[in-house]
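Let's take a walk through this one, starting with the whole chain and then zooming in. Keep the viewer open as we go.

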Amino acid sequence: MFTHRIAGAVRRALHGLVGWSALLLAGTFAGPGLAQVQVVGGSAGSVPQIAFRQPEISRVWNAGSFVQLASVAGSKGAVSYSSSDTTVATVHAVTGLVTPLRQGQATITAVQAAQGFFPSAQARYTLRLNAAAAVLQPWSLPPVSLVSGPVPLTPPGSNSPGSFSFSSSDPAVASIVGSQLTVHRSGEAVITATQAATDNYSAASTTARLLVNLQAPTLGALQLPVDLVHGGPPRTLVAPVSDSPAAFSYASSNPQVVQVSGNQLQVVGAGVAVITATQPAQGAYAGGSVSASLTVAKSTPVLNTPTSAAMLEGRWQNADWPVFFGITYAAMGVAGGSWSVVDGDRVQSVVTNLEGNLLVRASSPGPFTLRYTVPETANTLQVSRDVPFLAYANSPFELLDVAAIRPDALPDGTVIGSVTGVSVNPLSTTVSLQVCIDRSTTYRFRFAVPRDEAFGVGWTDPVATPLTPSGGEVSVDMALGGNPGDLATPRNLRVRQLGSADGVYRDVTRSVTLQVTPILCPSSPV
């Protein structure tokens with residue numbers, strides 16, 4: 001040991017480092033790197049020539065570079081730094097910047113070179129670099145279906161190169177061999193991904209929820225009939241193509257248009273409906289459904305074409321009396337229609353009675369055409385049919401008078417006997433006659449016949465010897481008397497008017513009833 005008084009220059013060098021305030025310091029060197037300092041007029045103590053504030057530093061290896069500089073006292077010798085294990089950490093020789101490289105331990109040494117009366121000195125600290133925590137990225141698993149094959153598991157992202165292993169919370173739902181996941185039934189399981197520790201990283205784990213669903217069936221299009229019409233027959237629905245074995249059921253959105261029973265489609269009205277085919281869940285497949293829209297067209301009612309004369313012909317009597325026709329709504333095939341005039345100026349009005357029969361008021365007999373129209377409804381289209389009708393009439397002949405004349409038809413037209421009581425109504429005519437008992441007398445019957453068709457009068461078949469009206473009249477001479485049969489009373493004289501060729505006027509046969517009074521006639525004219 002030696003003693004040396006420190007000059008003012010040394011004092012100034014140490015003043016800033018240890019806070020000396022004395023004007024004169026004295027020191028005694030106790031050995032290399034250390035000095036025994038005596039302060040004249042102040043305090044004194046031992047200070048290392050070079051030292052680290054922290055003798056030991058512990059941190060994770062990947063926390064980044066750092067610096068811990070050595071503190072020096074007195075000497076201004078250059079300081080250099082070194083690492084005991086450059087595979088663990090390196091240190092910059094001048095700046096002291098430490099760069100960690102891996103987990104491990106190294107000693108960092110600072111050496112101060114000798115200068116002047118200061119010898120070389122050194123200081124050390126221990127650097128412990130710990131393994132870093134593995135940081136796993138967020139991890140999730142997409143849903144899988146029950147019909148999926150083995151699913152390879154992709155581990156989460158990580159800053160560690162450690163290997164992964166996987167486990168399932170419910171092997172009955174999903175089991176794992178290596179990194180292959182196999183599903184067994186629908187449900188949920190928690191899959192854990194565990195990363196093994198490495199030299200530089202700790203172990204870590206994370207979980208993800210796995211949802212195992214039933215497989216949604218792949219359904220083809222629902223093919224529906226396109227030619228549906230109200231009132232049509234039932235149609236059979238064809239099941240869509242599906243990879244599920246489950247049977248289909250069907251439903252209609254509009255039972256007022258179509259109804260479904262099993263796979264039978266029944267049309268009940270016109271309009272639009274949506275048919276849905278549904279498969280329930282079965283086996284590995286979930287339920288599913290597919291729909292399609294269909295349109296039911298309105299139907300066209302079918303009207304009959306009546307031909308019966310009993311329906312289409314009616315007897316006309318006069319313009320004030322309606323003609324009755326036997327046709328009804330039922331005869332047309334569809335009820336609910338109405339009649340209108342197509343042609344026929346003679347038609348004045350058309351009505352129907354409670355039974356649906358036509359009552360037509362016409363100004364004259366003849367043909368005309370009416371139209372039967374069924375209006376459009378919610379389910380049917382409007383339809384109509386033209387129907388020809390005929391209002392026919394009986395020939396309107398009339399007995400005007402009866403005259404009795406001599407057999408030899410004297411020029412003065414002297415009447416033998418008398419004719420009285422000619423009475424006429426639309427259906428019958430009655431005549432009162434006086435008839436000679438013992439001789440035949442000619443009676444002239446005069447008829448008003450406004451039509452030109454053949455006209456006949458007789459006891460049995462008056463048409464056998466037809467007469468042709470002239471000037472609107474026909475006169476017929478009939479012999480009566482001189483025979484017992486002529487004196488019978490009453491006696492019927494048959495009268496017939498033939499109908500017109502167009503059928504508007506029909507054959508009419510009537511009887512003229514003779515009320516006979518037998519008389520004795522003079523043998524010669526009076």
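**From the whole chain to one asparagine**

Among the contacts in the protein chain with a separation of 6 or more, 59% are between residues 24 or more positions apart. Keep in mind that this is a predicted model. The protein chain has three helices and 42 strands. It is made up of 526 residues, and 37% of them count as buried. As for the outside, the accessible surface comes to about 27,100 Å², with 54% of that belonging to carbon and sulfur atoms.

Now for some strand pairing, with E20 as our anchor. Strand E20 (residues 204-213) runs parallel to strand E14 (residues 144-145), and two bridges join them. One residue pair to look up here is Ser145 with its bridge partner Asn213 in E20. E20 also pairs with strand E19 (residues 187-195), this time in the antiparallel sense and over nine bridges. There, Gln195 has Ala204 of E20 as its bridge partner.

Next, jump along to Asn357, which sits in the loop between strand E30 (347-352) and strand E31 (358-362). Is Asn357 buried or exposed? Its relative accessibility is 9%, and because buried means under 20%, Asn357 counts as buried.

So what does the side chain of Asn357 reach? One target is the backbone oxygen of Gly326, at 3.3 Å; another is the backbone oxygen of Ile327, at 3.3 Å. Setting aside neighbours within four places in sequence, Asn357 is in contact with Phe324, Phe325, Gly326, Ile327 and Thr328, along with Val351 and Thr352.

Definitions and conventions: Residues numbered from 1 in each chain as written. Predicted model: local features only at pLDDT ≥ 70, side-chain atom pairs only at ≥ 80, totals over all residues. Heavy atoms only, no water. Helix = DSSP H or I, 4+ residues; strand = E, 2+ residues; numbered from the N terminus. Buried < 20%, exposed > 50% of the residue type's maximum accessible area, 1.4 Å probe, protein only. Polar contact = N/O pair within 3.5 Å; in protein donor to acceptor, adjacent residues only side chain to side chain. Contact = heavy atoms within 4.5 Å. Areas by Shrake-Rupley, 256 points an atom, 1.4 Å probe, with all protein chains shown as cover. Pairing = 2+ DSSP bridges.
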